[in-house]
Amino acid sequence: MNATSCTTTSCGESASTGEIDASGRLPLLVLFGHAAFWLLVSSAFGFIASLKFHAPNLLSDCASMTYGRVHAAASLAFTYGFAIQAGLGVGLWIIASLGRSRVSQPLLIAFGAKLWNLGVLLGVIGVLAGGSTGFDYLEMPRYSAVLLFIASLIIGVWSVITLHNRSERPLQPSQWFLIAALFWFPWIFSTARLLLVVCPVRGVTQSVIAWWYAANLNLVWLALVGLATTFYFMPRLMNKPLHSRPLALFAFWTLILFASWSGIPSSAPLPAWMPAISAIATVLTIIPVLAVVMNVFQTCGRGCSQTENPTPGKFIAFGVMAFVVSWLMNVVAALPMVSPITNFTWFTVAQAQLNSYGFFAMTMFGAIYYILPRVTGIEWPCPKSARAHYWLAALGIILVAAPLAIGGVLQGLKLNSPAVFADSTKAMLPFLRASTTGELLIALGHLLFALNLTGLVIRLAKAKCLPAFATATAQLKTAGVKS
Amino acid sequence: MNYGPFVFLAAFFALSASWFGLVLTPQIQIGRSQQATNIVNTAEMYPQARPGLAHQGQEVYRANNCAACHSQQVGQTGIVVDVVLTEAGTNFNALAEVLKKVDATATAAGLAGGLPKTVVKGVTMDTAEELAKAIKTAGAKAETHLVSTGPDMARGWGARRTVAQDFLYDYPVMLGARRVGPDLANVGTRLPDANWHLTHLYAPRAAVSGSAMPSYRFLFETRKISGAPSPAALQLAKEFAPADGFEIVPKPEARQLVAYLLSLHADTPLYEAPMSAPVAPKPTASAK
């Protein structure tokens, strides 16, 4: 069927694995290298923000180091600097690798990635300087958002062209997820920016759009890319096919259908149908979660036979577990009996962290540990540090999410009794301290990851530059001898 | 399965459904709301735009992302009615008979003074109206007061729930998602003293012991006193005060922020969110 449906125009010639990997080297190095950098930045800002709970007078003379700004800068650096950037890189590699086609216009994609990073940099600086727009996940000032939008278009368009040039015509589940993610990000981002910043809508309609964007970014986009990665790597690492494609397709449809409507809290001062429909949609997201669980369980259930380096597999397995837990937390928090308790508390923060870090970031780490040695042809300088990174990150995120979730419920119960408000703050303090410890572990893991990545780049530079330098000097010498 | 365009189109429709539902429809339903005369018993327009200084203060609130810790939305779980006796009339015996139904201790002699007096608290609308009617028949006068219930109300964070109308003129609308600090929807009513707010911003623990709020010293200037001390300088307790010969003076940003905080009072009785708890006198917007 392949051969007959394949015309010469729509079908790139099949490339070897080595060629495919080499074609993505430059853009992927740019994307992953910068992602690691932003991870460190976000850890540093996150740590400063966290310290304010223990020493509220810290850095209080410096406007740009105030809690609100640092907190927003950490969130921007993590979401746009790391999560989306790593997601775009991993997605590009999966598209090229599944379609058996070379990455189209790697130079242009690398340029897009640079532009993206300029946007993130300006955004973080702008927020620290007080230029925040005041909407969660959209805090970056206008000049930064324009760059991010153009960059996402450049990377997205040439990722889709890479997909279009595939020589392996049948589409795999991972590819459906990535197609949807690639066009959905520019759409939600441009809609939200236009209606919130460029020509703002009136009153609480702003909040509805901001919530819609946040849910579609954190639940839909991250899940689309994260699950694409899981569905690609799980079978590949275990050397067996995915249990069921129809089940993956079912998870895909229900995910985009229901999760895209979630995100409006029950307390919102809005016409009642909006929080109500959003709560219903959130509860229904249990369907894609169950479909993913069944598929993963059935694929793994037949005995895991891992042959290669186990670290990427560990990261991805942790990611799936965190996905299930965080999405179930989200479902439970949307139930009418529970939402008045968890609303406004740290429970929602724990859920968001478990989703964006425990699920998405962990999955991305696994993928990057797998992809970079193949793309560069160079092994990680220190495999032990990758294992240490896994344990630090896994323990760290559990230490962040578990105390915040438990403390959040206690805080919510206090907020729902006529107790003095200060009681709810005091009840939270020991839990916040525990989560700061978790953040430190995570930051340490990031440091190991960044060092390992730097080591790999140095090795690559040596491997590529030294021979080139040697030939150049050799030529010079022969030329010198001649003259 | 070689349905690239099909997958794309179907994903397009599935995702755009949420765009229609949560971007377009809210805009059609509430995006064009106008100032309206829906205040109970008056013809005033609601809401009014914030005065200039408070408007600037909103920019300070936005720039420093205060909404990361403070929500600006309160909820209520229900509404109950209090019946308040305002005039006892002349027929004390008849009135006492009526009141005995709700308060066994009511006597004709006890009715002479202490008006207005709440005779029954937290009943349903029907019960309250019935009682008010009976009181009227006995020749006295009574009012029914609507009281919102719920933990937010019990904490004194508001007199009614916040509604979409309250935020009509705000940009950006900063409803907040976390209550690391208290809700601010009615902070202007609850804490009307501008100087208290300035002290609280400079040294939170000087105003609220054990507060977890970071201090906002960058909104203030530490000045050497030359000549007479500035009348605007903060009056601080010893442990928070600057070194001798220095004073703490709020920068314009601090004044603007306080003006904004004082302008926060979503407590106008609306038909969609009625209430009749006595409205506290509204503080003036200027924070001087």
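Author: Throughout this dialogue, buried means a relative accessible area under 20%, exposed means over 50%, and partly exposed lies in between, with a 1.4 Å probe and protein chains only. The model is a predicted one, in which local features need pLDDT of at least 70 and side-chain atom pairs count only at pLDDT 80 or more, while totals for chains, interfaces and linings use all residues. Side-chain values use heavy atoms, with hydrogens and water left out, residues are numbered from 1 along each chain as its sequence is written, and chains are lettered from A and ligands numbered from 1 in the order in which they are written.

Reader: Why does A:Cys465 count as partly exposed?

Author: Its relative accessibility is 47%, and because partly exposed covers the values between the buried and exposed limits, A:Cys465 belongs in that class.

Reader: What makes A:Cys382 partly exposed?

Author: The relative accessible area of A:Cys382 is 33%, which therefore also places this residue in the partly exposed class.

Reader: How many disulfides does the structure hold over all chains?

Author: The count is zero over all chains, where a disulfide is a pair of cysteine sulfur atoms within 2.5 Å.

Reader: What makes B:Asp170 and B:Arg50 a salt bridge?

Author: A salt bridge is a side-chain nitrogen of Lys or Arg within 4 Å of a carboxyl oxygen of Asp or Glu, and because the closest N and O atoms of B:Asp170 and B:Arg50 are 3.0 Å apart, the pair meets that definition. The two residues are 120 residues apart, with B:Asp170 in the loop between helix 5 (151-154) and helix 6 (187-190) of chain B, and B:Arg50 in the loop between helix 1 (4-30) and helix 2 (52-63) of that chain; helices here are DSSP runs of H or I with at least four residues, strands are runs of E with at least two, and both are numbered from the N terminus.

Reader: Is B:Asp170 buried or exposed?

Author: B:Asp170 is buried, because its relative accessible area is 6%.

Reader: Why are B:Arg223 and B:Glu247 called a salt bridge?

Author: Their closest N and O atoms are 3.9 Å apart, so the pair satisfies the definition. B:Arg223 lies in strand 4 (residues 220-224) of chain B and B:Glu247 in strand 5 (residues 246-250) of chain B, so this salt bridge ties together parts that are 24 residues apart in sequence. B:Arg223 is partly exposed at 31% relative accessible area, whereas B:Glu247, at 8%, is buried.
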